[in-house]
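Visitor: Please take a close look at one part of this model, the surface patch, and then carry on from there through the strands and the enclosed spaces.

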Amino acid sequence: ECYNDSEFNNPVVFGKTLIISGQVTDAVHGILLKAAAGHSFRDHPDAASNPLRYDVTKGVGINKTGAYDQTVGVETDNVTLLGLQIAQTGGGNSVKCFHSNDSALTGLVVDSCIMEGNSFGSVNQGIMFIRAGLAKNNLVINRGSTGFGITSPYPNSGTRIVSNTIVNVSDKTNPASGIGNGSGATITIRNNAVFGYASFCQNTALASGSHNASDKTIEFGSNNLPSLVYADQFVSTADATRDFRLKAGSALINAGTEDLANIPEGTDIVGKARS
């Protein structure tokens, strides 16, 4: 459990802020990293009305202000990250808030986290890099002008991206896709909102899913909401005032589908029950 006494931070060039590696786990005995009770942004008394973005005053934050390398890396099976804020503000060519680069990993879940990164040296980087596992309920904010939101390049192993908001701030032009999956990287994408990128998904021929929404076209799946107006969906999409709570009247409200295999608890990113 993490306590929000101050931001967890690594100001050193190269070197992660946190790495989970070398532990022996199994399907019953895993690792759960979460905020202690009352210390997550989800526990804040005003969680539903606070601007939805990285804000260490509202809950546990893990940051990397030193250039290069990633904020959090996972190299162990059966790890769950829950209710954390993770940022990468140091810049550099390998910027990622979260990095899990082993397609053989099992039992990896990134759940209800806020991730923000603001500088990339390469279009092939991303805020969340996950080759195997489940990313669900997360808010992934790219504050820069290059890079994917969530990327799962080849080889990967059944990566599932479910019920995430994946955005590039509206006052930055980004030529990348919201979801990156290189040649050979099959991926399941369901119930996601992807806005502010040049395209929804990098390799649509290898993607499957449904009930996704975007300001761009969505070339696969069913029950999608393409070509929406970005500014009409969220409280504020500009970098300085970013707040990715849904705006009243947003087309995203009630547009998803129940997905008990991936979201069994039926709660949103701030822990409120979905009707």
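Guide: F14 lies in the loop that runs between β1 (8-10) and β2 (18-20). In this predicted model, F14 joins V13 and Y68 in a nonpolar patch on the surface, and the three together have about 290 Å² of accessible area.

The strand before that loop, β1, belongs to an open sheet of eight strands with parallel pairing, in the order β1-β4-β7-β10-β13-β16-β19-β22. β1 and β22 (213-214) are the edge strands, each with a single partner, so one side of each has no neighbour in the sheet. Further inside that order, β16 (residues 165-168) and β19 (residues 193-195) pair in the parallel sense over three bridges. Within this pair, I166 stands opposite V194 of β19. In a regular strand, side chains alternate between the two faces of the sheet.

The loop leading into β19 from β18 (187-190) holds N191. N191 is not a glycine, yet its phi is positive, at about 65 degrees. Another loop, between β14 (148-151) and β15 (157-162), is the place of P155. The peptide bond from Y154 to P155 is cis, and its omega is near -10 degrees. As background to both sites, most residues other than glycine have a negative phi, and most peptide bonds are trans.

An antiparallel pair is found in β23 (residues 234-236) and β24, joined over two bridges. The two strands form a hairpin with six residues between them, and S236 stands opposite D243 in β24.

β24 (residues 243-246) also leads to the next topic, for this strand gives the most to the lining of the largest pocket, with three residues. That pocket has a volume of about 1200 Å³. Its lining comprises 39 residues, and the closest to the pocket centre are L246, L252, N254, D268 and R274. By class, the lining of the largest pocket divides into 18 nonpolar, 15 polar and six charged residues.

Closed space is a separate matter. Rolling a probe the size of a water molecule over the atoms shows where empty space is left. With a cut-off of 30 Å³ or more, the count comes to one cavity. The largest cavity has a volume of about 80 Å³. The residues that line the largest cavity are F41, A47, N50, P51, L52, R53, D55, K58, Q85, I114 and V270. Its lining has six nonpolar, two polar and three charged residues.

To return to the starting point, the patch of V13, F14 and Y68 is on the surface, and F14 sits in the loop that follows β1 and comes before β2. β1 itself stands at an edge of the sheet.

Note on methods. Residues are numbered from 1 along each chain as its sequence is written. This is a predicted model: local features need pLDDT of at least 70, side-chain atom pairs count only at pLDDT 80 or more; totals for chains, interfaces and linings use all residues. Side-chain values use heavy atoms; hydrogens and water are left out. Patches are made of residues with over 30% relative accessible area and no salt bridge: like charges are joined within 9 Å, nonpolar side chains (Val, Leu, Ile, Met, Phe, Trp, Tyr) within 5 Å. Accessible areas come from the Shrake-Rupley method with a 1.4 Å probe; for residues, only the protein chains shown count as cover. A salt bridge is a side-chain nitrogen of Lys or Arg within 4 Å of a carboxyl oxygen of Asp or Glu. Helices (H or I, at least four residues) and strands (E, at least two) are DSSP runs, numbered from the N terminus. Two strands pair if DSSP finds at least two bridges between them. On a 1 Å grid over the protein atoms alone, a cavity is a set of points where a 1.4 Å probe fits but cannot get out, and a pocket is an open set with protein on both sides within 12 Å along at least five of seven lines; lining residues have an atom within 4 Å of a point. Grid points are joined across faces, edges and corners, and a volume is the space filled by probe spheres set on the points. Ala, Val, Leu, Ile, Met, Phe, Trp, Tyr, Cys and Pro count as nonpolar, Asp, Glu, Lys and Arg as charged, and the others, Gly among them, as polar.
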